Amino acid sequence: MKKKKEYILNIVYYSILCIFLLFGILNRELGNMDELWNFLSAKNIINGLLPYKDFNVIVTPFSMFVNSLFLHINPNLFTFRIIYFVWYLILIIILNKIMDVLNIKGLLKYFVLFVIMEGLLIACYYDYNFIQLVFILLLIYLSLKNKDYSNKRFNIFIPLIAGFTIINKQSTGVVICLITLLLLIINNHKNLKLLFSYSFIMLIPSLLFFIYLLISKSLFDFYDLCILGLFTFSNGLVVRSCIVYLIINYIVMILLFRRNKNRESIILFCYAIASLSVIIPIVDFHHGALAIIVVIIFFAYIINHKIRIPKDDFSSSFIIIIVIIILSSFSIHLYFHTSRFKSGVYKNIPVDIQFEENIKNVSNYVLNQSKDHNVIIMDFYAPVYDLNMNRYEKYFDLFDNGNFGLYGKKEMYSIIKQKNNIILIDNHFIHWQRPDDIINYVKEKYDKCGSIEQFDVYCN
């Protein structure tokens, strides 16, 4: 009878949680530029453009290619958000399996899952960092199932998945691979053959990626943007309240770890440290939320073993379900009673009415002027308009310091020097990553010749 109740409760809980997540994702108003940049990268691939060679990105391209596969169904932002929801489903499955292995069940399991999902919904958007979190959690699950390294199949999957993190985001991927090897050394330090095997398998995705760069003749462009570009990325951001929150949580985790050392806690602790690498060089609530997920699982594991929590407390679990139902009902009502785009690449995406009008006006102006001129929107929000017009401008659609590589600015200056340009600049909103040297050069060489919405228009 208890198993039947638990089975029904699980179906209800996960069904409601999925509805909550779906409409939480769909309800976001248009305007998150990180979401649009990631969407734009995948859309560029569909349009036949090559990463690094044809459009500037500073991370390895696994997420872009995966997203582009699904965008073939319908290359709009709504489809992109459905892909995000699918990744959430994968995340729930992996988290559920991790907590089963750690024997975290019932009320605590439901509560932890809800807290993680709510935190990610509030602070995060769909990008390569989110996929990196999925990879980390998958590595945790496989490592927990293969604590003694006796499963030959897992001894292939673990290093292979770790290797894929490098071609998803090279900086954090290297850290994840090193942590994976460190775990192997800690738990199985005498098996040099296995260590060599892990190292070799980890390199396979990177080797395949290297071959792709050679075939596509993008090796130099990749080196410029993703290797040399790391040294030009000087736009670190630190939100003090976020870093204080992270420091407190990681200190508590370290103190608990010192008193509770076993195979499970070692695995969780090591991958929690690996996930912390996502905050470099930007410490904000998006990156902080991703960095804290493994720590939350670690806390849940310790609580589950130190405090006696009933695993069959169906009444308390039902309260959590009621809360999620209420939140889901509000979210569903909000989505169907808010202003949304009626057509185009943003169809069915919630938008402020004034912002929608702004996008239409600027887009119409650019399209009209493009008949006789090369029009460049030199602004942080350029992709909002260019996506709406189904066009792409290399460098200018990711107009942020640290995203041009070493040679990108030279190419931008050569474009600016060309005749018959019209450049739109927003002099009212100045983003902290705006390349002011380029903006000032335009103002020096060009004449102001009009305005459209928030943009001043410059002609040469």
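# Briefing: a serine, a sheet, salt bridges and a buried aspartate

Serine 15 is partly exposed, its relative accessible area being 36%. Please keep in mind as you look around that this is a predicted model. The tour below starts from that serine, moves to an open sheet of four strands, visits some of the nine salt bridges found in a search of the whole structure, and ends at aspartate 284, which is buried yet has no salt bridge.

**Serine 15**

- Helix H1, which covers residues 2-26, is where you will find serine 15.
- The side chain of serine 15 reaches back to the backbone oxygen of isoleucine 11, at 2.6 Å.
- Measuring from C-alpha to C-alpha, serine 15 and aspartate 379 are 42 Å apart in space, and 364 residues apart in sequence.

**The four-stranded sheet**

- The strands of this open sheet run in the order S3-S4-S6-S5, and their pairing is mixed.
- Strand S3 (374-377) and strand S5 (447-452) stand at the edges with a single partner strand each, so one side of each has no neighbour in the sheet.
- On average, neighbouring strands of this sheet are turned by 25 degrees against each other, direction ignored.
- Strand S6 (residues 455-459) pairs with S5 in the antiparallel sense, over five bridges.
- Glycine 450 has valine 457, in S6, as its bridge partner.
- Helix H18 (residues 436-445) packs on the sheet and touches strand S4 (421-426), S5 and S6. The direction of H18 makes about 125 degrees with that of S4.

**Salt bridges**

- In general, side chains of opposite charge can pair when their charged atoms come close.
- Lysine 147 and glutamate 264 meet through their side chains in a salt bridge of 2.5 Å, N to O. Lysine 147 sits in the loop between helix H6 (128-145) and helix H7 (154-166), while glutamate 264 belongs to helix H12 (residues 263-276), so the pair ties together parts that are 117 residues apart in sequence.
- In that pair, lysine 147 is partly exposed at 30% relative accessibility, whereas glutamate 264 is buried at 17% relative accessible area.
- Lysine 360 forms a salt bridge with glutamate 356, with 3.7 Å between the closest N and O atoms. These two residues are four residues apart in helix H15 (residues 353-369), so about one helical turn separates them.
- Lysine 360 is partly exposed, with a relative accessible area of 41%, and glutamate 356 counts as buried at 12% relative accessibility.
- Another salt bridge joins the side chains of aspartate 436 and arginine 434, at 2.9 Å from N to O. Aspartate 436 is partly exposed, with a relative accessible area of 34%, while arginine 434 is buried, with a relative accessible area of 12%.
- Asp386, Arg391 and Glu393 are joined into one network by salt bridges that share partners.

**Aspartate 284**

- Look for aspartate 284 in the loop between strand S2 (282-283) and helix H13 (285-306).
- Which side chain of opposite charge is nearest to aspartate 284? That is lysine 169, 9.8 Å away. A salt bridge needs a nitrogen within 4 Å of a carboxyl oxygen, so this distance does not qualify.
- The side chains of aspartate 284 and histidine 287 are joined by a polar contact of 2.7 Å.
- A polar atom of the aspartate 284 side chain also lies 3.3 Å from the backbone nitrogen of histidine 286.
- Setting aside neighbours within four places in sequence, aspartate 284 is in contact with Val239 and Cys242.

How values were computed:
Residues numbered from 1 in each chain as written. Predicted model: local features only at pLDDT ≥ 70, side-chain atom pairs only at ≥ 80, totals over all residues. Heavy atoms only, no water. Buried < 20%, exposed > 50% of the residue type's maximum accessible area, 1.4 Å probe, protein only. Lys, Arg positive; Asp, Glu negative; His and termini not counted. Polar contact = N/O pair within 3.5 Å; in protein donor to acceptor, adjacent residues only side chain to side chain. Contact = heavy atoms within 4.5 Å. Pairing = 2+ DSSP bridges. Axes fitted to C-alpha atoms, helices over the stretch in contact; angles between N-to-C directions.
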